[in-house]
Amino acid sequence: MVILGSHCSMKAPKFLLGSVEEALSYGSNALMIYTGPPQNTLRKPVEALRADEAKELLRKHGITMDKMVVHAPYIINLGNCVRQETYELAVDFLRKELDRVQAIGAKYLVLHPGSYTTATLEEGMDQIVKGLNEVLCEKDEVILCLETMAGKGSEIGFTFEQIRSLIDRTNYSEKLGVCLDTCHIHDAGYDVSDFDHLLQQFDEIIGLDRLKVMHINDSKNIRGAKKDRHANLGEGQIGFDALAKAVHHEKLQHVIKILETPWIGDHAPYAIEIDMLKRSQYDAHALDALKNK
Ligand code: FE
Ligand code: FE
Ligand code: ZN
């Protein structure tokens with residue numbers, strides 16, 4: 001069975017319990033959350049997040065806690081070698097976040113590798129490696145998944161070679177995995193419609209065993225645009241069939257697939273998109289109906 005879910009909210013008063021309820025309402029058997037607002041680093045103590053109740057509800061549905069993926073906030077930047085405070089905040093936050101994720105009982109933490117800002121790509125790469133080496137410990141049970149990026153601005157991690165290099169140069173590299181975002185790699189120039197070839201490239205350069213999480217998103221822009229604007233499935237430049245093929249690929253059955261497609265008005269599209277993916281059948285009417293709701 002495909003492991004499929006979406007980004008879910010995590011907010012008072014139900015916190016993680018509410019996240020799991022939301023995921024189940026979409027027909028998901030996986031989910032992704034932030035441990036607090038994605039745009040800042042303020043975090044509640046783990047004890048307040050109702051993780052045990054969330055775990056129990058998942059268990060009742062035959063779902064284990066490793067299917068709850070956590071995404072690090074996008075403002076933390078390990079690649080910043082221009083502003084020391086930004087880098088130090090990233091190191092400090094990431095260290096605490098790994099502990100939080102472990103305390104919650106989750107297994108995978110997704111991280112945008114970083115941006116080099118006004119420095120060079122190489123300097124940014126060096127800084128990320130330095131950061132990962134400061135952060136990762138032998139005792140970590142959580143796998144930190146570096147996300148493939150679109151290459152917008154000075155983002156690092158928009159080629160498989162860059163991801164490979166970061167992994168190779170990190171001391172506790174066994175603590176690292178990869179999150180493949182279909183919108184991002186399309187925007188970076190990879191051809192998602194030729195998915196077998198894409199996986200072959202991934203396997204040769206990074207190794208398929210590193211692939212733990214996938215973000216399933218269509219893209220508003222043409223291949224290579226380096227924009228990173230997610231589209232609903234079948235409404236972008238990748239197309240539904242290519243994404244459905246990726247989701248059901250026989251070599252990726254163990255990989256957790258997470259939708260990060262945009263809401264339509266006040267409505268989450270995830271129940272519809274998950275149903276479409278399960279059936280491998282695009283349904284433009286169902287998405288249209290949400291627009292007019
Ligand atoms: Fe991301
Ligand atoms: Fe993503
Ligand atoms: Zn994105």
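Student: What makes His71, His112 and Glu147 donor residues of the iron ion (ligand 1)?

Tutor: In this predicted model, the iron ion (ligand 1) is coordinated by NE2 of His71, NE2 of His112 and OE of Glu147, at 2.1 to 2.3 Å. Donors are N, O and S atoms within 2.8 Å of the metal (3.2 Å for Na, K and Ca), and water is not among the atoms, so sites may look incomplete. These N and O atoms therefore count as donors. Residues are numbered from 1 along each chain as written, and ligands are numbered from 1 in the order written. Local features need pLDDT of at least 70, side-chain atom pairs count only at pLDDT 80 or more, and totals for chains, interfaces and linings use all residues, while side-chain values use heavy atoms, without hydrogens or water.

Student: Why is it said that His71 and Glu147 tie together separate parts of the sequence?

Tutor: Glu147 bridges the iron ion (ligand 1) and the iron ion (ligand 2), which lie 3.2 Å apart. His71 belongs to strand 3 (residues 68–71) and Glu147 to strand 6 (residues 143–147), so the pair joins parts 76 residues apart in sequence. Strands are DSSP runs of E, at least two residues, and helices are runs of H or I, at least four, numbered from the N terminus.

Student: Why is His71 called buried?

Tutor: Buried means under 20% relative accessible area, exposed over 50%, and partly exposed in between (1.4 Å probe, protein chains only). His71 has 1% relative accessibility and therefore counts as buried. Glu147, with a relative accessible area of 1%, is buried as well.
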